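Colleague: Before we look at the model, please fix the terms for how open a residue is to the surroundings.

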Amino acid sequence: VLSDIAASFSKFGVLYGYAGNYEKALEYEKRALSSKGQIYPPDHPEIAVSYTTLGNPLSSLRRLPEALECQELALAIRKKTLPENDHLLAQTYNNLCLIHGYMHNYPKALEYQLLCLNIAEKTLPEGHIIFAIMYNNLGGVLSGLKEYDKSIVYEKKALDIFTKQNFLDYSSAATCNGNIAVNYIEMEEWEQALVYLREAIQISEQILLPDHPEYILFREHEQ
């Protein structure tokens, strides 16, 4: 019965997270972890799941040291209990990459994203949408490291996968084009930057309102 209660708390937490109510999501994820702590040992995989889902709203709230601690606790358990190429390990590496990126600790973010990519390359078919997400993350990290040429390579890989999906992910395609443009701006390659910036604006005009922050940002770069 207690396990069912914990599962319900976690479901509510996830739903509040999807709704953008991160404080409420955090409240329910804490209750889920507390319930699980009464029925599972500290190194049980279910405890790792709760640390992961607890870290997500903390990350969204930019309570980054706390989010980092949760994901590191999840990683420690998963390293003990899962095969080295398990997708849940990849998930945790990706979460750690994002948090370190938010903290501008780009070398550590790069380390975790490469670990995540290594698992994906061993377990997923080429061209899987997950690769586009990882390439986009890698592009962001490399841009943070000021390795703009390498960032462009990965952003273009991500863009290629996004545009080949049966249902084009317009938002992600616009973001990739924008990221590529920003990298070219940093490299002072203005003509190339303008090509990708205009593509980002053209896509954004189809899916975003004129007052959307991302659309405004693309327009500002164009000027």
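Modeller: A residue is buried under 20% relative accessible area, exposed over 50% and partly exposed in between, using a 1.4 Å probe and protein chains only. The model is predicted, so local features need pLDDT of at least 70 and side-chain atom pairs pLDDT 80 or more, while totals for chains, interfaces and linings use all residues. Residues are numbered from 1 along each chain as its sequence is written, and side-chain values use heavy atoms, without hydrogens and water.

Colleague: Is E46 buried or partly exposed?

Modeller: The relative accessible area of E46 is 30%. This value is not under 20% and not over 50%, the limits for buried and exposed. E46 is therefore partly exposed.

Colleague: Which residue meets E46 in a salt bridge?

Modeller: A salt bridge needs a side-chain nitrogen of Lys or Arg within 4 Å of a carboxyl oxygen of Asp or Glu. For E46 the N to O distance is 2.9 Å, and the partner is K36.

Colleague: Which helix holds K36?

Modeller: Helices are DSSP runs of H or I with at least four residues, strands are runs of E with at least two, and both are numbered from the N terminus. E46 lies in helix 3, 10 residues away from K36, and the pair links distant parts of the chain. The helix of K36 is helix 2.

Colleague: What is the relative accessible area of K36?

Modeller: K36 counts as buried, whereas its partner E46 is partly exposed. The relative accessible area of K36 is 6%.

Colleague: How far apart in sequence are R31 and E27 in helix 2?

Modeller: These two residues form a salt bridge, with the closest N and O atoms 3.7 Å apart. R31 is partly exposed at 35% relative accessible area, and E27 is partly exposed at 32%. About one helical turn separates them, because their distance in sequence is four residues.

Colleague: Which residue joins E27 and R31 in a network of salt bridges?

Modeller: The structure holds seven salt bridges. Some of them form a network that links E27 and R31 with K24.

Colleague: In the salt bridge of D160 and K164, which residue is exposed?

Modeller: The closest N and O atoms of this pair are 3.2 Å apart. D160, at 36% relative accessibility, counts as partly exposed. With a relative accessible area of 60%, the exposed residue is K164.

Colleague: Is S59 in helix 3 buried or exposed?

Modeller: Helix 3 covers residues 45-60, S59 among them. Its neighbours, not counting residues up to four places away in sequence, are L64, A67, I99 and Y102, where a contact means heavy atoms within 4.5 Å. At 11% relative accessibility, S59 counts as buried.

Colleague: How far is Y102 from V141 in space?

Modeller: Y102 lies in helix 5, residues 87-102, and is partly exposed at 35% relative accessibility. Leaving out residues up to four places away in sequence, Y102 touches S59, R62 and L64. V141 is 39 residues away from Y102 in sequence, and the C-alpha to C-alpha distance is 9.8 Å.

Colleague: How many strands does the protein chain have?

Modeller: From the N terminus on, the elements run α-α-α-α-α-α-α-α-α-α-α. The secondary structure comes to 11 helices, and the number of strands is zero.

Colleague: What share of the protein chain's residues is buried?

Modeller: Among contacts between residues at least 6 apart in sequence, 50% join residues at least 24 apart. Of the 223 residues in the protein chain, the buried share is 39%.
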